[in-house]
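Colleague: Could you take one residue of this chain and describe its surroundings closely, and then move outwards to a few other places? I am a first-year student, so please explain each term when it comes up.

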Amino acid sequence: MKRLVPISEASELLGVSVTTLRRWEAEGRLIPEHTSGKHRRYDMLKLKPELFRASSDSCKTLAYARVSSQDQQDDLERQKQVLELYCAQQGWTFELISDLGSGMNYYKKGLKRLLNEILAGNVGRLVITHKDRLLRFGAELVFSICEAKQVEVVIVNKGEDTTFEEDLATDVQEIITVFSARLYGSRSRKNKKLLDGVKKAVEDSQA
């Protein structure tokens, strides 16, 4: 089934008249997308997701867990347990992918496998505990790819990640390490002193 449909098809699928759809748009209750030619298009995945459920369920449900460092293994296990329990409660058959690596690293083995599966059209649903478990920066890009491939994204916990500060500190240290290698190469005492100060501040915040 097509995801974006014109107003005539949308009215038939929703069981309302074209006039009603136009009234809802005027009232701000239903905002369609518009093509470059100014034609209305209605996103049926958002309006009637049950129409796509069969096709989604015929593809994989992938659950993804990640932590930044080895000393966060306990949190990784907690993420896995949360994902397993949640998927089981929904009655979903799923595969669990996990990564040990920074949220700034786009080349993690599990993340690459996840993206390859999505791009290949093998995934119907992606389940994560928090948005930042995917990437520190760039999660929205992955979500956009999921939307384009009609992959449902389920975020179990919409609140703040309990490991946010620890995870962020690890990511900041990775950035410092990368820039240290570049700036130390310039043999600048000023650069070295600046980076040493930033690194110490990060380490103090974790104490």
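Modeller: Let us begin with Tyr 64, which has a relative accessibility of 0% and therefore counts as buried (buried means under 20% relative accessible area, exposed over 50%, and partly exposed in between, with a 1.4 Å probe and protein chains only). Before going further, please keep in mind that this is a predicted model, in which local features need pLDDT of at least 70 and side-chain atom pairs count only at pLDDT 80 or more, while totals for chains, interfaces and linings use all residues. Residues are numbered from 1 along each chain as its sequence is written, and side-chain values use heavy atoms, with hydrogens and water left out.

Tyr 64 belongs to strand E4, which covers residues 60-67; helices (H or I, at least four residues) and strands (E, at least two) are DSSP runs, numbered from the N terminus. If we set aside the neighbours within four places in sequence, the residues in contact with Tyr 64 include Leu 83, Ile 97, Asp 99, Leu 111, Leu 114, Ile 128 and Arg 133, where contact means heavy atoms within 4.5 Å. One of these partners, Leu 114, is 50 residues away along the chain, and its C-alpha atom is separated from that of Tyr 64 by 8.1 Å. Another partner, Asp 99, has a side chain that is joined to the side chain of Tyr 64 by a polar contact of 2.5 Å. A polar contact is a pair of N or O atoms within 3.5 Å; within protein, one must be able to donate a hydrogen and the other to accept it, and residues adjacent in sequence count only if both atoms are side-chain atoms.

Moving along the chain from strand E4, we come to Ser 68, in the loop between E4 and helix H5 (73-90). UniProt, in an unreviewed entry, lists Ser 68 for "active site"; UniProt positions are given in the numbering used here, feature names are shortened, and annotations may be inferred rather than shown by experiment. Ser 68 has a relative accessible area of 10%, so it is buried, and its side chain makes a polar contact of 3.2 Å with the side chain of Arg 66.

Helix H5 itself contains Lys 80, which counts as buried because its relative accessibility is 19%. Outside its neighbours within four places in sequence, Lys 80 is in contact with Ala 65, Leu 96 and Ser 98.

Two loop residues can be set beside these buried ones. Lys 38, in the loop between strand E2 (33-34) and strand E3 (40-43), has a phi near 75°, a positive value in a residue other than glycine, and at 70% relative accessibility Lys 38 counts as exposed. Gln 150 sits in the loop between helix H7 (139-148) and strand E7 (152-155), and although Gln 150 is not a glycine, its phi is positive, at about 60°. With a relative accessible area of 32%, Gln 150 is partly exposed.

Finally, a stretch of the chain has a label of its own: the unreviewed UniProt entry gives the annotation "domain: HTH merR-type" to residues 4-43. Over residues 4-43 the chain is 42% helix and 20% strand, and the end C-alpha atoms are 5 Å apart.
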